Number of protein chains: 2
Amino acid sequence: MSKIKIAIVDDHQLFRDGLAGLLLKHEYFELLASLPDGESLLQFLEERESPDIILLDLTMPGLGGFEVLKRLKKHYKKIRSIVISMHEDGNYIVKCAKAGAYGYLLKNADEDELLTAIHKVYRGERYYNDDISARMFQNLSLQQSIPEKLTKREIEVLHHLAEGLTTKEMAEKMFISTRTIETHRANMLKKLDVKNTAELIKRATQLHLLS
Amino acid sequence: MSKIKIAIVDDHQLFRDGLAGLLLKHEYFELLASLPDGESLLQFLEERESPDIILLDLTMPGLGGFEVLKRLKKHYKKIRSIVISMHEDGNYIVKCAKAGAYGYLLKNADEDELLTAIHKVYRGERYYNDDISARMFQNLSLQQSIPEKLTKREIEVLHHLAEGLTTKEMAEKMFISTRTIETHRANMLKKLDVKNTAELIKRATQLHLLS
DNA sequence: TTTTTTATCCGTATAAATACGGAGTAGCGT
DNA sequence: ACGCTACTCCGTATTTATACGGATAAAAAA
């Protein structure tokens with residue numbers, strides 16, 4: 001029975017070493033490469049043999065994890081990636097799934113979970129544990145609740161709102177009529193399906209519109 | 001010259017192994033123990049020799065990192081802890097510093113940074129990199145802006161506010177007068193030093209009062 | 001070129017929030 | 001026992017937000 005060929009891509013050596021140490025303990029894995037960034041991976045893939053699975057960090061200097069996922073999806077369809085990331089936010093998880101990731105683990109996943117994920121993905125299945133799935137669904141549910149995006153001006157008003165400005169103060173600051181501000185506010189309430197400004201600010205925070 | 005005696009405490013074996021592998025590469029470190037939780041550490045300290053430095057995770061089942069820090073501060077004054085955590089939030093960093101941590105690293109710290117931290121802390125200095133320090137100061141700055149805590153009732157009103165309820169609706173839901181709600185709202189505006197409800201919700205979110 | 005979207009502004013009206021002041025009572029801390 | 005805090009509720013007033021409807025013009029998309 002052939003070994004599962006794996007490559008690790010993570011800019012933190014500490015973490016790569018830990019992963020490598022674990023993988024080397026199991027004889028049905030073959031560690032092809034342990035690489036510090038996306039560029040190294042792409043170069044490796046051009047010159048050497050392809051792994052079955054890539055264990056991929058997201059936040060790396062230069063070519064980031066998302067970009068790597070997209071390139072793999074486009075040019076190396078047979079390679080399946082499992083993202084191993086610090087980010088728990090549903091945004092990241094959804095973005096990874098869309099970019100072609102076969103699985104998503106947090107960096108605090110334990111050995112059993114990692115092994116399970118690798119085997120499932122190797123078989124062509126997806127791996128997302130219950131917690132990760134819940135975050136993904138919660139994020140998708142949040143995104144679904146926005147039928148429409150906010151416009152540039154609305155975003156600007158939103159930021160001023162969050163700073164505590166009144167409609168009158170915003171109008172003065174933006175050199176437009178209070179009525180215009182009123183319209184922008186009303187439109188945002190409708191778009192984000194909220195009752196008032198308090199709920200608007202909360203929803204906007206959840207949707208990362210106030211960063 | 002004696003070796004620096006180190007213990008690792010982290011519930012994730014992957015991470016412990018990575019750390020251990022790195023430490024064993026350097027001959028001026030002596031790895032006394034690699035332990036999965038706080039209870040194991042305390043037991044180890046009772047029966048075996050004390051390390052100079054503990055590399056300590058925060059989020060562990062059973063006895064958590066904060067509790068461990070406090071116990072160490074109280075009973076093992078000579079042992080210095082460096083927290084190594086996933087949490088980037090200033091709240092955690094400040095809480096660790098207060099609980100007695102000598103240093104704080106994120107789990108994505110690289111080898112050089114880890115070594116620097118260990119050496120500095122071994123000399124009795126603190127180790128917080130620029131980014132960690134900035135988050136700490138930002139958090140302290142936020143906390144300083146609250147001269148007073150919110151009361152139980154105020155928190156309850158705050159949550160309802162964030163759900164979009166009006167003063168009238170909250171009064172009905174909480175079986176109290178609208179005037180009472182008005183007083184709670186006014187008090188919160190004063191306590192958190194904000195101008196209106198929009199800014200209140202934003203500030204409350206920053207202060208993690210709406211989790 | 002046409003249609004849609006975005007940004008602008010209006011009249012009129014009601015609801016809600018904020019602000020100034022005040023007060024009584026129960027529970028908690030010293 | 002006393003003082004303080006938290007919670008309760010009030011009168012009066014102004015400011016602000018929200019809601020219903022409407023409109024024009026420029027820019028972008030189809």
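1. In this predicted model, a side-chain N or O atom of Thr151(A) lies 2.3 Å from a phosphate oxygen of DNA strand C. Two further side chains of chain A make polar approaches to phosphate oxygens of that strand: a polar atom of Arg153(A) sits at 2.7 Å, and one of Thr180(A) at 2.5 Å. The elements contributing two or more residues to the surface near DNA strand C are helix 7 (152-162) and helix 9 of chain A, along with helix 9 of chain B.

2. Around DNA strand C there are 16 residues, and those that come nearest are Thr151(A), Arg153(A), Ser177(A), Arg179(A) and Thr180(A). Thr151(A), Arg153(A) and Thr180(A) are thus both in this group and in the phosphate contacts listed above. Helix 9 of chain A supplies the largest share of the surface, four residues.

3. What is the make-up of the surface near DNA strand C, in nonpolar, polar and charged residues? There are two nonpolar, nine polar and five charged residues. On the DNA side, sugar or phosphate accounts for 67% of the atoms of strand C within 4 Å of the protein, and bases account for the rest.

4. For DNA strand D, the contact to note is with a base. An N or O atom in the side chain of Arg179(B) is 2.4 Å from a base nitrogen of this strand. Phosphate oxygens of DNA strand D are approached as well: a polar side-chain atom of Thr180(B) is at 2.6 Å, and a polar backbone atom of Thr167(A) is at 3.0 Å. Two or more residues of the surface near DNA strand D come from each of helix 9 (178-191) of chain A, helix 7 (152-162) of chain B and helix 9 (178-191) of chain B.

5. Which helix gives the most to the surface near DNA strand D? Helix 9 of chain B does, with four residues. Of the 16 residues around this strand, the nearest are Thr151(B), Arg153(B), Ser177(B), Arg179(B) and Thr180(B). The surface near DNA strand D is made up of two nonpolar, nine polar and five charged residues. Within 4 Å of the protein, 67% of the atoms of strand D are sugar or phosphate, with bases making up the remainder.

6. How are the two protein chains related? Chain B is superposed on chain A by a rotation of 180 degrees with a shift of 0.1 Å along the axis, at an RMSD of 0.3 Å. This is the relation of a two-fold axis. Among the residues of chain B, Gly18(B) comes closest to the rotation axis, its C-alpha lying at 1.8 Å.

7. UniProt, in an unreviewed entry, lists residues 5-122 of chain A as "domain: Response regulatory". In the model this span is 47% helix and 22% strand. The C-alpha atoms at the two ends of residues 5-122 of chain A are 10 Å apart.

8. On cysteines: is Cys96(A) buried or exposed? Its relative accessibility is 1%, so Cys96(A) counts as buried. Cys96(B) is likewise buried, with a relative accessible area of 1%. Over all chains, the structure holds zero disulfides.

Conventions. Residues are numbered from 1 along each chain as its sequence is written. Chains are lettered from A and ligands numbered from 1 in the order in which they are written. This is a predicted model: local features need pLDDT of at least 70, side-chain atom pairs count only at pLDDT 80 or more; totals for chains, interfaces and linings use all residues. Side-chain values use heavy atoms; hydrogens and water are left out. UniProt positions are given in the numbering used here, feature names are shortened, and annotations may be inferred rather than shown by experiment. A disulfide is a pair of cysteine sulfur atoms within 2.5 Å. Buried means under 20% relative accessible area, exposed over 50%, partly exposed in between (1.4 Å probe, protein chains only). A residue is near a molecule or strand if one of its heavy atoms lies within 4 Å of it. A polar contact is a pair of N or O atoms within 3.5 Å; within protein, one must be able to donate a hydrogen and the other to accept it, and residues adjacent in sequence count only if both atoms are side-chain atoms. Ala, Val, Leu, Ile, Met, Phe, Trp, Tyr, Cys and Pro count as nonpolar, Asp, Glu, Lys and Arg as charged, and the others, Gly among them, as polar. Copies are superposed by least squares on the C-alpha atoms of residues with pLDDT of at least 70 in both.
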